Amino acid sequence: MKYNNILKAALATTLLAGATAASAADFVLVNIDPPGAGFNDPTPATPVGGNAGTTVGEQRLIAYNRALQQWGSILKSNVPIVVLGSFGPRPCTATGGVLASAGAWNIEINFPNSPLASHWYHSALANSLAGVDLYPGADIIDGADIIATFNGNLGQPGCIEGSTWYYGLDNQPTASGQIDFLNVFMHELAHGLGFQNFNDEATGETFAGIPNFPDSNTALTRDNVLGKRWNTMTAAEIRASAVRNGQVVWDGANVTARVPSVLGPLNAVTVTAPAGVAGDYEYGDAAFGPAATAAAFTGNVVLGLDDAGVLAATDTVNDGCTAFTNAAAVAGKIALVKRGTCGFAVKVKNAQNAGAAAVIVGNNALGVLSMGGADPTITIPSIMLTNSVGDAMIAAGGGAVNGISISDTLKAGADNAGRVRLYAPTVYAAGSSISHFDTVASPNLLMEPAITSTLRSSANVDLTAAYFEDIGWKTELSIAGCGTGSGAIATTLNGSYLAGPVFACFNNAKNKGQAQSCSTQYFNRLRNAGIIDGAYKGTFASCTAGGGK
Ligand SMILES: [Ca+2]
Ligand SMILES: [Ca+2]
Ligand SMILES: [Ca+2]
Ligand SMILES: [Zn+2]
């Protein structure tokens with residue numbers, strides 16, 4: 001059973017196709033731009049950042065092919081992956097907008113070797129699993145796998161003014177306003193290869209409103225409040241889950257295994273009492289007042305008490321919405337109030353007026369968020385803790401915190417079980433919610449909803465290859481002599497951190513000497529760009545020196 005993507009009817013253009021040299025998986029780029037525009041833009045251009053093209057169109061095609069080759073060096077498939085590419089209008093205003101969009105062109109269900117029955121898959125993945133092109137189509141466009149459209153108006157009046165595309169292959173834009181095309185395309189291509197669900201988060205419905213047929217991504221999308229995966233949830237549950245910020249995670253074993261080596265440590269606060277909730281917890285910061293410090297959040301926590309039932313029916317004795325009634329007890333201490341009834345800044349200001357030195361706001365729901373609000377007269381720091389901790393402290397009549405620390409175990413962008421968070425802003429963002437990693441991830445990830453300047457997709461696709469493994473892709477991430485899954489080198493290479501181009505070297509070279517010289521050039525580029533240090537380069541080099549061919 002197959003289903004042609006409903007977007008397909010929207011496009012009908014001329015065709016210029018060229019195969020790109022790839023290794024594990026072969027990609028075919030189908031340039032669907034008309035003559036003289038987009039990928040065919042004849043405007044002269046100066047070679048930049050390793051991109052030797054001499055027209056804008058040529059540079060676009062070279063960068064495009066580089067991205068295809070990089071994913072091709074990581075993913076295995078015997079079936080060429082056909083990508084439709086064009087530069088066209090994307091929604092934008094003078095100050096912001098969509099850089100590009102991409103996704104599956106065809107999707108498949110219940111095909112040979114499908115990991116899950118009655119779940120939709122991107123056709124590129126489905127073809128690789130089935131070992132055949134499941135839908136050749138009427139022609140190469142009809143039967144293609146991925147469509148990617150880049151904003152061709154970028155930088156023109158009324159569209160993200162002041163920006164231009166950077167077509168260098170080194171992820172090193174040199175001028176302000178330059179947007180790294182290679183990073184953007186690596187990101188977009190990942191959507192088309194499988195990093196994308198087919199739910200409509202606004203309605204909660206599965207693909208095209210067809211009930212009972214979820215997609216492969218939802219099988220690993222977990223709601224931590226319900227403790228359920230999206231492929232087992234109703235449309236109403238999915239709609240509610242999609243905006244449950246911080247509580248939707250990717251529950252795939254390969255990504256979770258990679259999280260400790262990719263994500264940085266989380267700034268956490270250590271709770272020491274009551275004993276039942278002792279441990280490290282992520283905290284939310286505040287948009288007002290000074291930043292939290294270890295000194296300010298070391299000591300005993302005192303409940304802030306105020307009137308109840310005055311402001312509203314929800315007004316409780318712990319919400320800090322009116323003047324504190326226990327100022328003497330709170331003075332000089334860390335005051336605890338609960339979220340609700342009034343704004344965060346109101347609570348903190350009331351605590352400050354009572355003499356508190358710092359404030360903990362206990363959330364009224366699971367998780368934490370960055371507390372919005374403004375009050376320039378606030379001079380004490382405040383943080384938010386999750387409801388289970390705040391409620392336990394309230395029940396115990398107070399607690400103790402041990403200061404802000406860098407957690408040994410918690411990671412920036414993962415939940416307490418080490419699962420990476422998906423982007424689930426409290427206001428649904430069409431095209432961004434859920435089908436991305438959360439922006440709280442640090443360092444920034446390729447698949448966050450916005451492209452950030454620290455990305456180096458020419459060398460590092462962070463968690464994305466592991467995500468592909470989770471949804472069923474077979475990856476080619478081992479080099480003979482470097483091990484295949486244990487030991488320091490294999491661990492470094494496995495999951496494609498810095499590894500994709502090395503695999504490309506080994507796959508494309510005619511002999512071992514060529515493969516090693518290609519790898520060495522690559523390591524030198526990384527070293528010169530400051531991405532790896534000399535010791536790291538040496539370790540990599542000695543590993544690949546033993547590599548087979
Ligand atoms: Ca096909
Ligand atoms: Ca109150
Ligand atoms: Ca981030
Ligand atoms: Zn995206």
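In this predicted model, the side chain of S407 puts a polar atom 2.8 Å from the backbone nitrogen of L410. S407 sits in strand β20, which covers residues 399-411. Beyond that spot, there are two calcium ions to look at, ligand 2 and ligand 3, plus a pairing of helices α5 and α9.

**Around S407**

- With a relative accessible area of 4%, S407 is buried, because anything under 20% counts that way.
- Leaving aside residues up to four places away in sequence, S407 is in touch with P265, L266, A268 and D280.

**Calcium ion, ligand 2**

- Who holds on to this ion? The coordinating atoms come from D306 (OD, listed twice), D307 (O), D315 (OD), T316 (O) and D319 (OD), at 2.2 to 2.7 Å.
- Along the chain, those donor residues are spaced D-D-x7-D-T-x2-D.
- D306 and T316 are 10 residues apart, and both belong to the loop between β16 (298-303) and α6 (327-330).
- The geometry is irregular, because the angles subtended by the six donor atoms run from 49 to 167 degrees. Six donors would count as octahedral only if opposite ones were over 155 degrees apart and all others between 65 and 115.
- Is D306 buried or exposed? D306 is buried, at 3% relative accessibility.
- T316, on the other hand, is partly exposed, with a relative accessible area of 38%.

**Calcium ion, ligand 3**

- Here the protein donors are T439 (O), A441 (O), N444 (OD1) and E448 (OE, listed twice), and they lie 2.3 to 2.6 Å from the ion.
- If you're scanning the sequence for this site, look for the spacing T-x1-A-x2-N-x3-E.
- T439 is partly exposed, with a relative accessible area of 41%.
- A441, by contrast, counts as buried at 3% relative accessibility.

**Helices α5 and α9**

- Helix α5 takes in residues 253-262 and helix α9 residues 464-471; their axes come within 7 Å and cross at roughly 155 degrees.
- That angle makes α5 roughly antiparallel to α9, since the cut-off for the label is over 145 degrees.
- Which residues do the meeting? On the α5 side they are A253, N254, V255 and R258, and on the α9 side A466, Y467, E469 and D470.

Key: Residues numbered from 1 in each chain as written. Chains lettered and ligands numbered in written order. Predicted model: local features only at pLDDT ≥ 70, side-chain atom pairs only at ≥ 80, totals over all residues. Heavy atoms only, no water. Helix = DSSP H or I, 4+ residues; strand = E, 2+ residues; numbered from the N terminus. Buried < 20%, exposed > 50% of the residue type's maximum accessible area, 1.4 Å probe, protein only. Polar contact = N/O pair within 3.5 Å; in protein donor to acceptor, adjacent residues only side chain to side chain. Contact = heavy atoms within 4.5 Å. Donors = N, O, S within 2.8 Å, 3.2 Å for Na, K, Ca; no water. Tetrahedral: all angles 85-135°; square planar, octahedral: opposite > 155°, others 65-115°. Axes fitted to C-alpha atoms, helices over the stretch in contact; angles between N-to-C directions. Parallel < 35°, antiparallel > 145°, perpendicular 65-115°, else oblique.
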